[in-house]
Amino acid sequence: MAEYYLLLKLVHIISSTLLFGTGLGTAFYMWRADRSQNLNTIAITSQNVVLADWLFTTPAVIIQPVTGIWMLLLVGLPLTTSWVMASLVLYVITGLCWIPVVYIQIKVAKLAKAALSENQPLPAVYRKLMTYWYSLGWPAFISVMAIFYLMVFKPILW
């Protein structure tokens with residue numbers, strides 16, 4: 001059992017690294033592209049952000065709860081343990097922020113590609129979508145940071 005636990009823990013840590021690293025990295029590049037106001041940069045960056053989300057973030061989103069719950073079962077720790085429950089709630093909050101962000105990123109990539117091919121400026125809806133994108137990114141980022149805290153310190157919350 002110990003060898004399975006350690007293997008699951010390794011996969012769990014690697015997938016959380018991919019999840020956080022890809023999220024932070026794509027957010028940084030999307031922010032920098034947006035700030036540049038360069039249509040070509042926005043088009044290329046948003047397409048690559050969408051691709052990175054499919055290649056790295058989506059598998060990590062699936063792997064995280066599977067390996068986490070599997071490890072809990074191996075050690076006999078109930079899901080009702082306070083730090084586990086708090087982590088799961090924060091994970092759901094992160095997911096509820098991430099799903100619309102993925103939609104926004106796909107929409108922004110399409111808008112930028114169309115504007116670029118038609119040699120037109122980005123439509124006004126682009127700024128509105130990016131405002132939502134920024135608004136959803138912060139709670140997701142803070143939730144993930146809180147999950148890391150809970151995973152490391154495992155505090156008794158109630």
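The following exercises, each with a worked solution, concern the predicted model shown above.

Residues are numbered from 1 along each chain as its sequence is written, and side-chain values use heavy atoms, with hydrogens and water left out. As the model is predicted, local features need pLDDT of at least 70 and side-chain atom pairs count only at pLDDT 80 or more, whereas totals for chains, interfaces and linings use all residues.

**Exercise 1. Determine which residues join H1 to H4 in a salt bridge, and classify each partner as buried or exposed to some degree.**

Step 1. Apply the criterion: a side-chain nitrogen of Lys or Arg within 4 Å of a carboxyl oxygen of Asp or Glu. The count by this rule is 1 salt bridge.

Step 2. Identify the pair. The side chains of Asp34 and Arg127 meet at 2.7 Å, N to O. Asp34 belongs to helix H1 and Arg127 to helix H4, so the pair links distant parts of the chain, 93 residues apart. Helices here are DSSP runs (H or I, at least four residues), numbered from the N terminus.

Step 3. Classify the partners. Buried means under 20% relative accessible area, exposed over 50%, and partly exposed in between (1.4 Å probe, protein chains only). Asp34 has a relative accessible area of 5% and is therefore buried; Arg127, at 39%, is partly exposed.

**Exercise 2. Establish which helices supply the largest nonpolar core, and which contacts Trp133 makes.**

Step 1. Define the core: a set of buried Ala, Val, Leu, Ile, Met, Phe, Trp, Tyr and Cys residues joined through side-chain atoms within 4.5 Å. The largest such core has 16 residues, and those with the most contacts inside it are Met30, Ile42, Val108, Tyr126, Met130 and Trp133.

Step 2. Assign the elements. Two or more residues each come from H1, H2, helix H3 (82-117) and helix H4 (124-153). H3 gives the most, with 6 residues.

Step 3. Note the separate set. A second core of 7 residues includes Leu72, Val84, Leu90 and Leu150.

Step 4. List the contacts (heavy atoms within 4.5 Å). Leaving aside neighbours within four places in sequence, Trp133 touches Ala27, Met30, Trp31, Val101, Ile104 and Gln105.

**Exercise 3. Compare the span of H4 with its expected value, and state where its buried residues pack.**

Step 1. Compute the expectation, which is 1.5 Å times one less than the number of residues. H4 has 30 residues and reaches 45 Å from its first C-alpha to its last, close to the expected 44 Å.

Step 2. Locate the buried residues. They are Tyr126, Leu129, Met130, Trp133, Ala140, Ser143, Val144, Ile147 and Leu150. An α-helix has 3.6 residues a turn, so residues three or four places apart point the same way. The buried residues of H4 pack against H1, H2 and H3.

Step 3. Inspect the end. Just after H4, Lys154 takes a positive phi of about 45°.

**Exercise 4. Find which helices form the nonpolar surface patch, and contrast Phe56 with Thr22.**

Step 1. Select nonpolar side chains (Val, Leu, Ile, Met, Phe, Trp, Tyr) with over 30% relative accessible area and no salt bridge, joined within 5 Å. The patch of about 700 Å² (Shrake-Rupley method, 1.4 Å probe) comprises Leu7, Leu10, Val11, Ile14, Leu18, Leu51, Leu55 and Phe56.

Step 2. Assign the elements. Helix H1 (2-36) and helix H2 (39-75) each give two or more residues, and the largest share, 5 residues, comes from H1.

Step 3. Contrast the two residues. Phe56, in helix H2, is partly exposed because its relative accessibility is 39%. Thr22, in helix H1, is buried because its value is 11%. Beyond four places in sequence, the contacts of Thr22 are Thr17, Ala27, Ala52, Phe56 and Thr57.

Conventions
Patches are made of residues with over 30% relative accessible area and no salt bridge: like charges are joined within 9 Å, nonpolar side chains (Val, Leu, Ile, Met, Phe, Trp, Tyr) within 5 Å.
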